Amino acid sequence: MTKRKPKRKTLNSTPAVLPKRPEQKHTRYSRVGNFAGTLDSVSLSISTTATKDNEYTLPDLEGDIYRTLRQYGLIMARYQIVDKHKFAKRYGYDMKTVNTACRVVANYLFRTIYGADPTEGTVHLAPLQSAAQSPILSDDVMSAIGCYMGTDAFVPLMESVKDPDALEVMLNIDNVISGILADRVDVDGNSSTSYHLSNIMTNINSTDKRVQRYALGTYRQVCDYIQSIPRRVDRKRRENQSKAERNAKEIKEAREAKERARRDKEGLPNAGKVLQTSVEGGWELAVVAKPQLSVSHTGLIGRRIRASKEGKYVRDLGRIISDPEQRVFGRKTRALGGVVVVDCSGSMSLTDDEMKAIMRSSAGCTVIAYSSGGAGWEGQPNIWLVARRGRQVRQLPTFPGGNGVDGPALEYGLSFRTHNAPVVWISDTQVTGASGYCQSKLRAQCLRFCRLNNIYIASDCEEAVKLLKKLQSGQRVNYKPIQENTDDLR
């Protein structure tokens, strides 16, 4: 005897009294899944075969909220696309886009038919709002938010979005879809159903395939816009990234231009800073320029090796006998540096090679160069800080060839002295003032200033290099200052 298969458990009645849709083979419905009590859990799929039941997930409880959810399910049963997989395959959409489009159309249909919002009391937005706060929204989150287009819940979701690119694109798409599906209101305040929405309501269940395609055309428009959201967001992000890169490049170019202008200060009128000095009158107005120091200029002037009782390396083993404290180790003291003031006037006739030799010998020092151009050079730099704190200029400025500011340059150089560091004045002492001629009074002032402040004087490049090398090696320098003529100071 053949055993009969048990009959499938089905619901005897449909969710509501609806005429059979053209693609439906029967009106048998069966409940699937567990209803979670929210709008997102409402689902309904229509079978296109004679053996498979139509499936739905709807509440069967009483109450306004459950009534709203059942009404939403009825709209989906009546107006959504019957064979979503066939529709997606035919027109090149993914199922996520088709499902979102069906939800959006159902939202606008619910407002038109029932005159209410389907999300009122039927949604729980907290988890989706938390996901929307990500700085970069994923495609899944954008698709989940898109399901609420046409409802009041879409506004708080958009307020939670922290991704500016996704926010701008989704608001634009929502405005476009609203223009397609939302009801029209005339000047008198009368509302009417939009053409595209009435097209779906009238033609989606037509037995004529050509007429039915008119309704599917509206679905295609909605699907096109929804499927374009991730692509538009990616393009927007690339544009903003390119814009940010361009802005960064412009800022960098502006900074470089500012640095170039700073480096070119010594050649521009009124580009330097007027120096306030306390030397007596007769000098030209001192204007200091500080070009960019971009090259290394480190040295050992002012550094000493002192004997120590402890250390890492033995430096003088003979101190075991000669030194009562037996300080055989050596300890390097801090390099105190120094100051070199260079007279770059025409009487010095310093060549480029000689200036380079002076810069090499003065490594680690603060180097100041000065030269004035006379009355025609007024307001332009005549003192340049060309080396400071282990850095020097890449290229020395062009010097006009006069003196004019010997005294202010010496006083400016002395202001950089620290811890009794040596100060060297490289000059032939042929001092001139604002007149442009040698003046014995101004020369006597400079010599007296050097004697009182223990400033070394080197008359030419060769003498200066020897003196600086001795200072670099830490040797004792026996130097006798040049005595000024007291009669010239009167």
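## Exercises on a predicted structure

At 5% relative accessibility, Asp-323 counts as buried (under 20% relative accessible area; exposed is over 50%, partly exposed in between, with a 1.4 Å probe and protein chains only). The model is predicted, so local features need pLDDT of at least 70 and side-chain atom pairs pLDDT 80 or more, while totals for chains, interfaces and linings use all residues. Residues are numbered from 1 along each chain as its sequence is written, and side-chain values use heavy atoms, without hydrogens and water.

**Exercise 1.** Find the residues that are linked with Asp-323 in a network of salt bridges.

*Solution.*
- Start with the rule: a salt bridge is a side-chain nitrogen of Lys or Arg within 4 Å of a carboxyl oxygen of Asp or Glu.
- Go from Asp-323 to Arg-327: they form a salt bridge, and their closest N and O atoms are 2.9 Å apart.
- Arg-327 also meets the side chain of Glu-325, at 3.8 Å from N to O.
- Check the cover: Arg-327 is partly exposed at 29% relative accessible area, and Glu-325 is partly exposed too, at 44%.
- Complete the set: Asp-316, Arg-319, Asp-323, Glu-325 and Arg-327 are linked in the network.

**Exercise 2.** Work out which parts of the chain the salt bridge between Asp-40 and Arg-103 ties together.

*Solution.*
- Look at the contact: the closest N and O atoms of Asp-40 and Arg-103 are 3.3 Å apart.
- Place each partner: Asp-40 lies in the loop between strand E1 (29-31) and strand E2 (43-45), and Arg-103 in helix H3, so the pair ties together parts that are 63 residues apart in sequence. Helices (H or I, at least four residues) and strands (E, at least two) are DSSP runs numbered from the N terminus.
- Compare the cover: Asp-40 is partly exposed at 44% relative accessible area, whereas Arg-103 is buried at 11%.
- Put the pair in context: the count of salt bridges comes to 15.

**Exercise 3.** Say which helix supplies the largest share of the lining of the second largest cavity.

*Solution.*
- Take the term: on a 1 Å grid over the protein atoms alone, a cavity is a set of points where a 1.4 Å probe fits but cannot get out, and lining residues have an atom within 4 Å of a point.
- List the lining: Ile-75, Met-76, Tyr-79, Gln-80, Cys-102, Val-105, Ala-106, Leu-109 and Tyr-219 surround the second largest cavity.
- Match residues to helices: H1 (64-79) and H3 (95-114) each supply at least two of them.
- Read off the result: H3 gives the largest share, four residues.

**Exercise 4.** Decide how many of the residues of helix H12 (residues 406-414) are buried.

*Solution.*
- Walk along the helix: the buried residues are Asp-406, Gly-407, Pro-408, Ala-409, Leu-410, Glu-411, Tyr-412, Gly-413 and Leu-414.
- The tally is nine of nine, so H12 is mostly covered.

**Exercise 5.** Describe the phi angles and surroundings of Arg-389 and Asn-454.

*Solution.*
- Recall the background: most residues other than glycine have a negative phi.
- Arg-389 has a positive phi of about 55° although it is not a glycine. Asn-454 has a positive phi as well, of about 55°.
- Locate them: Arg-389 is in the loop between strand E13 (383-388) and strand E14 (391-392), and Asn-454 in the loop between helix H13 (440-452) and strand E16 (455-458).
- Add the cover: Arg-389 is exposed at 70% relative accessible area, and Asn-454 is exposed at 60%.

Key:
On a 1 Å grid over the protein atoms alone, a cavity is a set of points where a 1.4 Å probe fits but cannot get out, and a pocket is an open set with protein on both sides within 12 Å along at least five of seven lines; lining residues have an atom within 4 Å of a point.
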